[in-house]
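These are my notes from a first look through a structure that I had not opened before. I kept them in the order in which I looked things up.

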Amino acid sequence: MHALASACPPLEPNTCYAYLLLCTHFAPSCLLAEDADGPLGYIAGYRIPERPDTLFVWQIGVHARGRGQGLGKRMLHALLAQPANADARFLETTVAPDNEPSQRLFRSFAKALGAACEESDFFEPSHFGGASHEAERLFRIGPFAG
Ligand SMILES: CC(C)(COP(=O)(O)OP(=O)(O)OC[C@H]1O[C@@H](n2cnc3c(N)ncnc32)[C@H](O)[C@@H]1OP(=O)(O)O)[C@@H](O)C(=O)NCCC(=O)NCCS
């Protein structure tokens, strides 16, 4: 996951330790897709503690060699199909305003579920301190049946 994140700008790679924690403590909301050449895509996420019916997708990435073939969408469907996520009713994520592929992915996923996709302001550039960082808009998809 760390290697994929590093290879998938504009994703910001977290530490290896952070991915290990996610995949250990939040395993049902994480996923790795592989092909014969190795890791191809991943999702790292968690259930929002105060709203456990909501699955938050922290990061989704597909290696350049696997893009445009429906893998991103398949991974999102696969995540919801996990037995541990049968009770999830909403999926949330944040997307930068200029990340067209990601916006299209989540809108298309919502459409496939027959669910609404509400988009609203969330983190502003000023929330990132001194670092130059784009805004992150909130996408909330649902409700959907588990
Ligand atoms: C965003 C990302 C995960 C999409 O993965 P993908 O496997 O290529 O996406 P899919 O093939 O499943 O496409 C899903 C939908 O989005 C659309 N889409 C995906 N990439 C697109 C692009 N570059 N331009 C236009 N549409 C695009 C597809 O046409 C498809 O729409 P459809 O279902 O109506 O046909 C991938 O581009 C990526 O890893 N980007 C870099 C990391 C990143 O930005 N992650 C998201 C951070 S929020």
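Entry one, on strand pairing. I began with strand E1, which covers residues 31-35, and strand E2, which covers residues 38-48, and I found that the two pair in the antiparallel sense over 5 bridges. Since this is a predicted model, I note the pairing as a feature of the prediction. Looking for what connects the two strands, I found a hairpin that joins E1 to E2 through 2 residues. To fix the register in my mind I picked out one pair, in which glutamate 34 stands opposite proline 39 in E2.

Entry two, on the site of the ligand. I asked myself which pocket the ligand takes up, and the space it occupies turned out to be the largest pocket. I then looked up which elements give two or more residues to the shell around the ligand, and these are strand E3 (51-62), helix H3 (71-81) and helix H4 (100-113). Of the elements, H4 gives the most to this shell, with 5 residues.

Entry three, on the residues of the shell. There are 21 residues around the ligand, and those that come nearest are Val62, Gly70, Lys73, Asn99 and Ser108. When I sorted the shell by class, I counted 9 nonpolar, 9 polar and 3 charged residues.

Entry four, on contacts with the backbone. I wanted to know which atoms of the ligand meet polar backbone atoms of the protein, and I wrote down three cases in turn. A polar backbone atom of isoleucine 60 is 2.8 Å from a nitrogen atom of the ligand. For valine 62, a backbone N or O atom lies 2.8 Å from an oxygen atom of the ligand. For glutamine 69, a backbone N or O atom lies 3.4 Å from an oxygen atom of the ligand. I also looked up how much of the ligand is covered, and the protein covers 72% of the 930 Å² of accessible area that the ligand has on its own.

Entry five, on cis peptide bonds. I noted that the peptide bond from proline 9 to proline 10 is cis, with omega near 10 degrees, and I placed proline 10 in the loop between helix H1 (2-7) and helix H2 (16-25). I made a similar note for the peptide bond from glycine 142 to proline 143, which is cis with omega near 0 degrees, and I found proline 143 in the segment after strand E6 (136-141).

How values were computed
Residues are numbered from 1 along each chain as its sequence is written. This is a predicted model: local features need pLDDT of at least 70, side-chain atom pairs count only at pLDDT 80 or more; totals for chains, interfaces and linings use all residues. Side-chain values use heavy atoms; hydrogens and water are left out. A residue is near a molecule or strand if one of its heavy atoms lies within 4 Å of it. A polar contact is a pair of N or O atoms within 3.5 Å; within protein, one must be able to donate a hydrogen and the other to accept it, and residues adjacent in sequence count only if both atoms are side-chain atoms. Accessible areas come from the Shrake-Rupley method with a 1.4 Å probe; for residues, only the protein chains shown count as cover. On a 1 Å grid over the protein atoms alone, a cavity is a set of points where a 1.4 Å probe fits but cannot get out, and a pocket is an open set with protein on both sides within 12 Å along at least five of seven lines; lining residues have an atom within 4 Å of a point. A molecule sits in a cavity or pocket if more than half of its atoms lie within 2 Å of its grid points. Helices (H or I, at least four residues) and strands (E, at least two) are DSSP runs, numbered from the N terminus. Ala, Val, Leu, Ile, Met, Phe, Trp, Tyr, Cys and Pro count as nonpolar, Asp, Glu, Lys and Arg as charged, and the others, Gly among them, as polar. Two strands pair if DSSP finds at least two bridges between them.
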